[in-house]
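Q: I should like to learn how to read the features of a protein model. Could the structure be shown, so that we may go through it step by step?

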Amino acid sequence: MSIIKLSEINKVYQTKEIETIALDHVNIDVKRGEFVSIMGPSGCGKSTLLNIIGLLDRPNGGKVTLLDHTFDKSSDTELSQFRNANIGFVFQSFHLIPALDVAANVELPLVYRTGLSARKRREKVEEVLQRLNMTHRMHHMPSELSGGQCQRVAIARAIVGSPSIILADEPTGNLDSRMGAEVMNILHTLNKENGTTIVMVTHNESQARDTDRIIRFFDGRVIS
Ligand SMILES: Nc1ncnc2c1ncn2[C@@H]1O[C@H](COP(=O)(O)OP(=O)(O)OP(=O)(O)O)[C@@H](O)[C@H]1O
Ligand SMILES: [Mg+2]
């Protein structure tokens, strides 16, 4: 069963001087529970693709279907509600909020959920931090953590709301190889044990080979 379906997606960026075709009639179908890698040279449209799958950006043409919902004419509020409930993001540069401690960063996606008491939220935060071996850092600030620890916190934040899809944009790009391997282990465990569907952009061939499938991009198109 397909959980992510892109049909004929186009994305054009228009700036003063030039028009960039970032995605050119892209068709992609990801099955529930799949772990897919996206590879391709710099500037070929990988991040643009993840932003469109993750409803952070809208295409100029084509159709995005996630979990049987299609989003042609949805309002920004509908998009962000759907995103908050179903999608977790992990970025190369972590994107933690520097002014919030670890627990508050991880709690953020839950704050926008109705019907969750503060106590229930804290329970969930503690549960995911324990799972990622970060409980002892709960009250640390992001500036007090190593890169690998920051990425574990970012993953905790991505999974605290139990999303069915995780989108990861070069999640090990800023980590040394040992920390990178640890983050990859966490993603593989989430995929196997929770059945979370993962789409990951990577420049690392050996990481990509460990996933179910590699989608290769060039100049805004899927080439294999
Ligand atoms: N907001 C924007 N405005 C104008 N052009 C943009 C914008 N975002 C991306 N682009 C252009 O769209 C193309 C695709 O960019 P994208 O960030 O998706 O590439 P990428 O494959 O993720 O590259 P990298 O591997 O370097 O991260 C590039 O030519 C880029 O310059
Ligand atoms: Mg990118």
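A: Let us start with terms: helices and strands are DSSP runs, of at least four residues for a helix and at least two for a strand, numbered from the N terminus. Please keep in mind that this is a predicted model.

Q: Which helix and which strand each supply at least two residues of the shell around ligand 1?

A: They are strand S2, residues 19–31, and helix H1, residues 46–53. H1 gives the most to this shell, with three residues.

Q: Which of the residues around ligand 1 come nearest, and how does the shell divide by residue character?

A: Of the 14 residues around the ligand, Ser42, Gly43, Lys46, Ser47 and Thr48 come nearest. The shell divides into four nonpolar, eight polar and two charged residues.

Q: How does one recognise a polar contact, and which contacts does the ligand have with threonine 48, glycine 43 and cysteine 44?

A: One looks for a pair of N or O atoms within 3.5 Å. An N or O atom in the side chain of threonine 48 lies 2.6 Å from an oxygen atom of ligand 1. In glycine 43 it is a backbone N or O atom that lies 2.8 Å from a ligand oxygen atom, and in cysteine 44 a polar backbone atom is 3.2 Å from a ligand oxygen atom. On its own, ligand 1 has 640 Å² of accessible area, of which the protein covers 61%.

Q: How may the length of a helix be checked, and what is the result for H4?

A: One compares the expected span, at 1.5 Å a residue, with the separation of the end C-alpha atoms. For the 14 residues of H4, residues 118–131, the expected span is 20 Å; the end C-alpha atoms are 20 Å apart, so the two agree. H5 has 13 residues and an expected span of 18 Å, which agrees with the 18 Å between its end C-alpha atoms.

Q: Why do the buried residues of H4 line one face of the helix?

A: The general idea is that an α-helix has 3.6 residues a turn, so residues three or four places apart point the same way. In H4 the buried residues are Arg121, Val125, Val128 and Leu129. Seen down the helix axis, these buried residues fall within an arc of 100 degrees, so they line one face of H4. The face turned away from the buried side carries the exposed residues Arg119, Glu127 and Gln130.

Q: How many of the residues of H5 are buried?

A: A residue counts as buried when its relative accessible area is under 20%. By that rule twelve of the 13 residues of H5 are buried, and the helix is mostly covered. Among them are Gly148, Cys150, Val153 and Ile159. Glutamine 151, also found in H5, is buried because its relative accessible area is 0%.

Q: Is threonine 197 buried or exposed, and what does its side chain reach?

A: Threonine 197, found in strand S8, counts as buried, at 0% relative accessibility. Its side chain reaches the backbone nitrogen of glycine 33 at 2.9 Å.

Q: Where do phenylalanine 94 and serine 162 lie, and what is the phi of each?

A: Phenylalanine 94 is in the loop between strand S6 and helix H3, and its phi is positive, near 70 degrees, although the residue is not glycine. Serine 162 lies in the loop between H5 and strand S7, with a positive phi of about 50 degrees. Phenylalanine 94 counts as buried, at 14% relative accessibility, whereas serine 162 is exposed, at 57%.

Definitions and conventions
Residues numbered from 1 in each chain as written. Chains lettered and ligands numbered in written order. Predicted model: local features only at pLDDT ≥ 70, side-chain atom pairs only at ≥ 80, totals over all residues. Heavy atoms only, no water. Near = heavy atom within 4 Å. Polar contact = N/O pair within 3.5 Å; in protein donor to acceptor, adjacent residues only side chain to side chain. Areas by Shrake-Rupley, 256 points an atom, 1.4 Å probe, with all protein chains shown as cover. Nonpolar A, V, L, I, M, F, W, Y, C, P; charged D, E, K, R; others polar. Expected span 1.5 Å × (residues − 1). Buried < 20%, exposed > 50% of the residue type's maximum accessible area, 1.4 Å probe, protein only. Arc of directions from axis to C-beta.
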